Amino acid sequence: ILNNREMRKLRRRQQKQQEKNAEIKCPDGTVGYVNDDYCDCFDGSDEPNTAACSHILVQRPTFSCDSGRRTLFASRVRDGIKDCDDGSD
């Protein structure tokens, strides 16, 4: 049986998985895919939870750890270093 905190984490992970690869319209009208590790949109809006557009999103923390305690810059997501206390990055 999962406690409330574990349930919230599970829901967040499920939501992120559903959002992953969802098709979105970029600001310039082109099509992008969310969190597919490829920077489709010129402004990086399709990759808020990956490092794919870190060259664009350098000064904006865009990734929220599952714990909600920390927000990271895109360049620190999936880089092999545990920045979130819960390891969600």
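What follows is a short exchange about disulfides, a salt bridge, burial and backbone angles in a predicted model.

Biologist: How many disulfides are there in this predicted model?

Modeller: The count comes to 3 disulfides. With the bonded cysteines numbered in sequence order, the pairing is 1-3, 2-4, 5-6.

Biologist: Why is the link of Cys26 and Cys41 called a disulfide?

Modeller: The cut-off is 2.5 Å between cysteine sulfur atoms. The sulfur atoms of Cys26 and Cys41 are 1.9 Å apart, so the pair is a disulfide.

Biologist: What makes this disulfide of Cys26 and Cys41 left-handed or right-handed?

Modeller: The torsion about the S-S bond is about -70°, so the disulfide is left-handed. Cys26 lies in the loop between β1 (23–25) and β2, and Cys41 in the loop between β2 and β3, so the pair ties together parts 15 residues apart in sequence.

Biologist: Why do Cys26 and Cys41 count as buried?

Modeller: Buried means under 20% relative accessible area. Cys26 has 3%, so it is buried. Cys41 has 1%, so Cys41 is buried as well.

Biologist: What about Cys39 and Cys53: why is that disulfide called right-handed?

Modeller: The torsion about the S-S bond of Cys39 and Cys53 is about 120°, so the disulfide is right-handed. Cys39 and Cys53 each sit in the loop between β2 and β3, 14 residues apart. Their sulfur atoms are 2.1 Å apart.

Biologist: Are Cys39 and Cys53 buried or partly exposed?

Modeller: Cys53 has a relative accessible area of 0%, so it is buried. Cys39 is at 21%, which is not under 20%, so Cys39 counts as partly exposed.

Biologist: How do you know that Cys65 and Cys84 form a disulfide?

Modeller: Their sulfur atoms are 1.9 Å apart, and the limit is 2.5 Å, so the pair qualifies. With -75° about the S-S bond, the link is left-handed. Cys65 is in the loop between β3 and β4, and Cys84 is in the segment after β4, 19 residues apart. Cys65 is buried at 3%, and Cys84 is buried at 2%.

Biologist: What makes Arg69 and Asp85 a salt bridge?

Modeller: A side-chain nitrogen of Arg must be within 4 Å of a carboxyl oxygen of Asp. Here N to O is 2.6 Å, so the pair counts. Arg69 lies in the loop between β3 (61–64) and β4 and Asp85 in the segment after β4, so the bridge ties together parts 16 residues apart in sequence. The count comes to 1 salt bridge.

Biologist: Why is Arg69 called exposed, and Asp85 partly exposed?

Modeller: Exposed means over 50%. Arg69 is at 58%, so it counts as exposed. Asp85 has 42%, so it falls in between and is partly exposed.

Biologist: Asp86 follows; why does Asp86 count as buried?

Modeller: Its relative accessibility is 16%, under the 20% limit, so Asp86 is buried. Asp86 is found in the segment after β4 (71–73). Its side chain makes a polar contact with the side chain of Ser88 at 2.8 Å. Leaving aside neighbours within four places in sequence, Asp86 is in contact with Lys9, Cys65, Asp66 and Ser67.

Biologist: What makes the phi of Asn35 and Asp37 worth a note?

Modeller: Most residues other than glycine have a negative phi. Asn35 has a positive phi of about 50° although it is not a glycine. Asp37 has a positive phi of about 65°, and Asp37 is not a glycine either.

Biologist: Where is Asn35, and where is Asp37?

Modeller: Asn35 is in the loop between β2 (31–33) and β3. Asp37 is in the loop between β2 and β3. Asn35 is at 4%, so it counts as buried. Asp37 has 43%, so Asp37 is partly exposed.

Methods. Residues are numbered from 1 along each chain as its sequence is written. This is a predicted model: local features need pLDDT of at least 70, side-chain atom pairs count only at pLDDT 80 or more; totals for chains, interfaces and linings use all residues. Side-chain values use heavy atoms; hydrogens and water are left out. Helices (H or I, at least four residues) and strands (E, at least two) are DSSP runs, numbered from the N terminus. Buried means under 20% relative accessible area, exposed over 50%, partly exposed in between (1.4 Å probe, protein chains only). A polar contact is a pair of N or O atoms within 3.5 Å; within protein, one must be able to donate a hydrogen and the other to accept it, and residues adjacent in sequence count only if both atoms are side-chain atoms. Contact means heavy atoms within 4.5 Å.
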